[in-house]
Amino acid sequence: MRISPNHPRFRSLETRERLVRGFQSGIVAPQGLIAQGRGEAFDYLFGEITPKSSGPATKAAVALLLESRNPVISINGNTAALVPRDIVKLARSIPAELEVNLFHKSLARERRIAALLKHNGASEVLGTGAKARIRIRGVASPRRDVDAQGIGDADVVLIPLEDGDRAEALRKAGKAVIAIDLNPMSRTSRAATVTIVDNIIRAIPELLRITLTMKPLSRSRLRAIASNFDNEKNLARVMKDMIHYMQGWT
């Protein structure tokens, strides 16, 4: 489908088409299309722009990633389909490992996602096949199985487009969790150490931009930025941003 750049909702329609192509190529699970629709509904409530409250969260997330001993970016089908190039650039700039982790798991999907990431510049992708697997306690879905050298050993995990039970379990396992979620009321948003409430197609490029500007900062400065961030208070600000936008309709 060809979409005119002049269409008022061009970017949203283009995103849908990329997910459909991802589904047709075996990258995206059919359930991922439903999840995208749910997130898009929340994006409407922000006017499909990044809320101001996401700025402090993005800086705190970058501080955690740059200060981390072993940062890992968890990749599912929707993430791979929507931002493969930028997610690889982000991983390189930190640097961080990339690990495929799927709710609707199959070896074929894992391999396709890994191949897509490598096509976009990744040198290594963890989480494919049965090698070096350990189990995260408290997760009932197939996402409980992780790479021992990746998420298993990580101190900071970036989990874009996540399910809440794994976010909670990773926190209980002593890991800092960075979430990207358009729903500020979700279990994932509330369980995370830092939640960036934004659309992933905007959030990942912004994370990359801020990473490049913050890399020269000292570890003590990065530590201060991360420790001064209060996720609960910032989610309250996100809700105010949402209400403020909706009040403009009346």
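Begin by selecting helix α3 (residues 54-67) together with helix α9: their axes come within 9 Å and cross at roughly 60°. The model on the screen is a predicted one. Two packed helices are described by the angle between their axes and the distance between the axes. In this case the angle makes α3 and α9 oblique to each other, and their crossing is right-handed.

**First stop: the contact of α3 with α9**

Display the side chains where the two helices meet. On the α3 side, select T58, K59, A61, V62, A63 and L66; on the α9 side, select E206, L207, I210, T211 and M214. Colouring these residues by class shows seven nonpolar, two polar and two charged.

**Second stop: the contact of α3 with α10**

Keep α3 in view and add helix α10 (residues 219-227). These two helices pack at an angle of about 135°, with their axes 8 Å apart. That angle makes α3 oblique to α10. The crossing of α3 and α10 is left-handed. To see the contact, select K59, A60, A63, L64, L66 and E67 in α3, then R219, L222, R223, I225 and A226 in α10. By class, this contact has seven nonpolar, no polar and four charged residues.

**Third stop: salt bridges of α9**

Side chains of opposite charge can pair when their charged atoms come close. The model holds 10 salt bridges in total. Select R202 and D43, which form one of them, with the closest N and O atoms 2.8 Å apart. Which parts of the chain does this pair tie together? R202 belongs to helix α9 (residues 200-214) and D43 to helix α2 (residues 30-44), so the pair links parts that are 159 residues apart in sequence.

Are R202 and D43 buried or exposed? R202 is buried, with a relative accessible area of 16%. D43 is buried as well, its relative accessible area being 2%. Now add D198 to the selection: D43, D198 and R202 are linked in a network of salt bridges.

Move along α9 and select R209 and E206, whose salt bridge has its closest N and O atoms 2.8 Å apart. These two residues are three residues apart in helix α9, and so are separated by about one helical turn. R209 is partly exposed, at 46% relative accessibility. E206 is also partly exposed, with a relative accessible area of 29%. The reader has met E206 already, in the contact of α9 with α3.

**Fourth stop: helix α7 and its surroundings**

Select E168 and R187 next; their side chains meet in a salt bridge of 3.4 Å, N to O. E168 lies in helix α7 (residues 164-172) and R187 in helix α8 (residues 187-191), so this pair ties together parts that are 19 residues apart in sequence. E168 is partly exposed, with a relative accessible area of 29%. R187 is partly exposed too, at 41%.

Remain at α7 and select G164, D165, R166, A167, A169 and L170, which are buried. What do the buried residues of α7 pack against? Their partners are the strands β1 (71-75), β4 (145-147), β5 (156-160) and β6 (176-180), together with α8. Finally, select G174, which follows α7 and has a positive phi, near 90°.

Key
Residues are numbered from 1 along each chain as its sequence is written. This is a predicted model: local features need pLDDT of at least 70, side-chain atom pairs count only at pLDDT 80 or more; totals for chains, interfaces and linings use all residues. Side-chain values use heavy atoms; hydrogens and water are left out. A salt bridge is a side-chain nitrogen of Lys or Arg within 4 Å of a carboxyl oxygen of Asp or Glu. Helices (H or I, at least four residues) and strands (E, at least two) are DSSP runs, numbered from the N terminus. Buried means under 20% relative accessible area, exposed over 50%, partly exposed in between (1.4 Å probe, protein chains only). Axes are lines fitted to C-alpha atoms, for helices over the stretch in contact, and angles run from 0 to 180 degrees between N-to-C directions. Angles under 35 degrees count as roughly parallel, over 145 as roughly antiparallel, 65 to 115 as roughly perpendicular and the rest as oblique. A crossing is left-handed if the near helix is turned anticlockwise from the far one by less than a right angle, and right-handed if clockwise. Contact means heavy atoms within 4.5 Å. Ala, Val, Leu, Ile, Met, Phe, Trp, Tyr, Cys and Pro count as nonpolar, Asp, Glu, Lys and Arg as charged, and the others, Gly among them, as polar.
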